[in-house]
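Reader: I would like a close look at a single part of this structure, followed outward to whatever surrounds it. Please take it slowly and explain the terms of the argument as you go.

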Amino acid sequence: MTARAVVLWRHGRTAYNAAGRMQGQIDIPLDDVGRWQAVQGAQHLAQRLFPDRIVSSDLGRAVSTAEALAGLSGVPVETDPQLRERSFGDWEGLTAEEIDARWPEQFAVWRAGGDPHRTGAETRAAVAQRFGAAVVRHAESLDADQTLVVVAHGAAIGLGIGALLGLDANRRLVAGLHNAHWSLVRPSGRSPGSWFLEAHNLGPAVAVDEWNAGMPPESLPSSTADALRT
């Protein structure tokens, strides 16, 4: 058996996200905006895609996001280090400008869509394999009428979706997720172990600039505030 639906939910914002720093596996907590985003996202998920199981990366920003949904649903958070973000090696903690100044040739390859070798960094293929395998393993623990919510990280989720769909990990074929937004994948039924992407980059009905600023519902127009509460 496998889950009816798998929600892949990216964590809320951190100070590194706000500053444009590459996080990787550095354990950065949510900032105030990120905690607000997690609550707003959790409210929507609890109403529309109620979880039967919640499994999170063991990094704090993902666990804190998952706990927002656990608090509403009563479903406990489990952690799995195989759902961690991709390791970016020496680039972690740095901005694009800092990386370019220190590794200009490698960064040029990166910006062109390549996957340059970096000390301590995981390849795209390795991340796709470990993340995709972890999602399948957790999904197979559920029945065909149940929903799994996986809380993780932008790069890992994108590569994991690619793995589930059978895409080439060395090409950037899945667009990124906004903080505290999610994708929905389901078993395709065409062949054992096949999946399809039903929806991508879903989140509360808030404009991106307002979402990134952490604008509370009370300060939004009434129609948008109502949408957040429903």
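Author: The part to look at is Trp 211, which has a relative accessible area of 1% and is therefore buried, since buried means under 20%. This is a predicted model, and the values that follow are computed from it. Trp 211 is found in helix H8, residues 208-213.

What does Trp 211 touch, leaving aside its neighbours within four places in sequence? One group of contacts is Val 33, Trp 36, Gln 37, Gln 40 and Gly 41. Another includes Asn 179, Ala 180 and His 181, and Pro 204 and Val 206 are also in contact with Trp 211. In the same region, Gly 34 is 177 residues from Trp 211 in sequence, while the C-alpha atoms of the two are 9.6 Å apart in space.

One of the contacts, Ala 180, deserves a separate word. Ala 180 lies in the loop between H7 and E5. Its relative accessible area is 0%, so Ala 180 is buried. Its phi is near 60°, a positive value in a residue other than glycine. Most residues other than glycine have a negative phi. Asn 201 also has a positive phi, of about 60°, and is not a glycine. Asn 201 lies in strand E6 and is partly exposed, with a relative accessible area of 23%.

The loop that holds Ala 180 leads on to the sheet. This is an open sheet of six strands in the order E3-E2-E4-E1-E5-E6, with mixed pairing. Strands of a sheet pair through backbone hydrogen bonds, either parallel or antiparallel. The edge strands are E3 (77-79) and E6 (195-202), each of which pairs on one side only. On average, neighbouring strands of this sheet are turned by 20° against each other, direction ignored.

Within the sheet, E4 runs parallel to E1, and six bridges join the two. Leu 8 has Val 150 in E4 as its bridge partner. E4 is also parallel to E2, with four bridges joining them, and Arg 53 stands opposite Leu 148 in E4. E2 (residues 53-56) pairs in turn with E3 in the parallel sense, over three bridges, with Ser 56 opposite Thr 79 in E3.

Why is E4 described as largely enclosed by the rest of the structure? Six of its six residues are buried. Both faces are covered: Thr 147, Val 149 and Val 151 are buried on one side, and Leu 148, Val 150 and Ala 152 on the other.

Helices lie against this sheet. Helix H6 (residues 124-139) lies across E1 (5-10), E2, E4 (147-152) and E6, and runs at about 150° to E4. H7 packs on the sheet too, touching E1, E4, E5 (182-187) and E6, and its direction makes about 155° with that of E6.

H7 also takes part in the largest pocket, which has a volume of about 780 Å³. The lining has 35 residues, and Glu 85, Phe 88, Trp 110, Gly 154 and Ala 155 lie nearest the centre of the pocket. Helices H1 (15-19), H4 (96-102), H5 (104-111) and H7 (154-165) are the elements that give two or more residues to this lining. H7 contributes the largest share, six residues. By type, the lining residues of the largest pocket are 17 nonpolar, 10 polar and eight charged.

Definitions and conventions:
Residues are numbered from 1 along each chain as its sequence is written. This is a predicted model: local features need pLDDT of at least 70, side-chain atom pairs count only at pLDDT 80 or more; totals for chains, interfaces and linings use all residues. Side-chain values use heavy atoms; hydrogens and water are left out. On a 1 Å grid over the protein atoms alone, a cavity is a set of points where a 1.4 Å probe fits but cannot get out, and a pocket is an open set with protein on both sides within 12 Å along at least five of seven lines; lining residues have an atom within 4 Å of a point. Grid points are joined across faces, edges and corners, and a volume is the space filled by probe spheres set on the points. Ala, Val, Leu, Ile, Met, Phe, Trp, Tyr, Cys and Pro count as nonpolar, Asp, Glu, Lys and Arg as charged, and the others, Gly among them, as polar. Two strands pair if DSSP finds at least two bridges between them. Axes are lines fitted to C-alpha atoms, for helices over the stretch in contact, and angles run from 0 to 180 degrees between N-to-C directions. Contact means heavy atoms within 4.5 Å. Buried means under 20% relative accessible area, exposed over 50%, partly exposed in between (1.4 Å probe, protein chains only).
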